[in-house]
Amino acid sequence: MGVRLTGFDYSRPYYYMVTLRRLEGLAAFSGIVASGRCELNAITKAFVHVIRGFHRQFPGVCPIECFSVMPDHIHLLVKLEGVVASKTFSFTSAGKSLCFYVENLMAALSRAYWEVGAKAGSVEARRLVMEAKEAKRFAPIFFADWHDWIVKRDGQLAAFTRYIRENPARSWLRRSHREYFRRVNEIEFLGRKWYGYGNTKLLELPILEPFRCSRKWAEDGEEWRTAVARASRIGPGGAGVSTFMSPCEKACGHALGLSGGRWIVLSPEGFGERWHPGRQYERFCAEGRMLFISLWPAMAREPTKAELYDRCHQMGDLVVAGLGANAEE
């Protein structure tokens, strides 16, 4: 059932963004066409029917209206209700956690998958099917470790809704430009080994301009205006190199975008297996205009703020010293 947040009551009536991952060797749940939309097949249509009708079979969960059936995973926004009595069922939603509903939904989707005659391609998938038939049940089609995010803060619901609805378009971008959506180890830069994600050719551009701006700089101040003006002059032949975290550095990044420049982003966290650029950067990644680099591999735990601050300073010092100290602390 995956890793849930320790100590959290998953029967509380929140929205939850749930991600179910398809097992290897099974047929694609959908297709992605050039327009960035999902192309429906028999499996997709069966899944849509199950998801839209799920709340009628399991009181305690609201109708699931926001979801995306991707080729190898499904995103859903699931909301639990408060206590609901039912003449058909002998339970209320009190005590029924998100796990209860997700596991029943996974079982219903697995049943629908096999009922439409979908195939198992790999040896491992066929083994699961045979074991399930012997046990007189439907074989699972998802990894057991499904993932959830709890929607608790203002603005998160709109962000998750947008993320799910834009998932097919983002997937098409990544599939169409795979060379710009990949992790790269042991990049040589400024005499050090770096980890990277994106277009490593940006390190070969003739102009690599460091941007290191203080959070104390005022938007109407001379330092701010000078840094943004430098970013505006870089153009397509060069890239800005920065963490792009402070307000002034973000303004420089915006100026780079308008001038046709590129970004080399110093990332303190490294790049884990599920890491991908934020939605605001994906179009620039697809155009080959972004590279994320880090001196460290992905951490097995969440880094502290102090660690992130220290790492940003280490990389900033190295970049300013190596490329020319044109920016002030």
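Arg289 counts as buried, because its relative accessibility is 10% and buried means under 20%. In this predicted model, Arg289 lies in the loop between α7 (282–286) and β12 (290–294). The points below cover this arginine, a second arginine at position 215, a six-stranded sheet and helix α8.

**Arg289**
- The side chain of Arg289 makes a polar contact with the side chain of Glu287, at 3.2 Å.
- Leaving aside residues up to four places away in sequence, Arg289 touches Leu202, Leu256, Gly257, Gly260, Gly261, Arg262, Trp263 and Phe284.

**Arg215**
- Arg215 is found in the loop that runs between β9 (207–210) and α5 (222–234).
- Arg215 counts as exposed because its relative accessibility is 60%, and exposed means over 50%.
- With residues up to four places away in sequence not counted, Arg215 touches Met245, Ser246 and Pro247.
- Arg215 and Met245 are 30 residues apart along the chain, and their C-alpha atoms are separated by 9.0 Å.

**The sheet**
- Six strands form an open sheet in the order β7-β8-β12-β11-β10-β9, and the pairing is mixed.
- The edges are β7 (183–189) and β9; each has a single partner strand, so one side of each is left without a neighbour in the sheet.
- On average, neighbouring strands of this sheet are turned by 30° against each other, direction ignored.
- β7 and β8 (residues 192–198) run antiparallel and are joined by five bridges.
- Val184 has Gly196 in β8 as its bridge partner.

**Helix α8**
- Helix α8 covers residues 305–323, and its 19 residues should span 27 Å at 1.5 Å a residue; the end C-alpha atoms are 27 Å apart, which agrees.
- The buried residues of α8 are Arg311, Cys312, Met315, Gly316, Val319 and Val320.
- Seen down the axis of α8, these buried residues fall within an arc of 155°, so they line one face of the helix.
- An α-helix has 3.6 residues a turn, so residues three or four places apart point the same way.
- The buried residues of α8 pack against β8, β9, β10 (238–242), β11 (262–266) and β12.
- On the face of α8 turned away from its buried side are the exposed residues Ala306 and Ala321.
- Gly324 follows α8 and has a positive phi, near 115°.

Terms used
Residues are numbered from 1 along each chain as its sequence is written. This is a predicted model: local features need pLDDT of at least 70, side-chain atom pairs count only at pLDDT 80 or more; totals for chains, interfaces and linings use all residues. Side-chain values use heavy atoms; hydrogens and water are left out. Helices (H or I, at least four residues) and strands (E, at least two) are DSSP runs, numbered from the N terminus. Buried means under 20% relative accessible area, exposed over 50%, partly exposed in between (1.4 Å probe, protein chains only). Contact means heavy atoms within 4.5 Å. Two strands pair if DSSP finds at least two bridges between them. Axes are lines fitted to C-alpha atoms, for helices over the stretch in contact, and angles run from 0 to 180 degrees between N-to-C directions. A polar contact is a pair of N or O atoms within 3.5 Å; within protein, one must be able to donate a hydrogen and the other to accept it, and residues adjacent in sequence count only if both atoms are side-chain atoms. The expected span of a helix is 1.5 Å times one less than its number of residues. The arc is that of the directions from the helix axis to the C-beta atoms.
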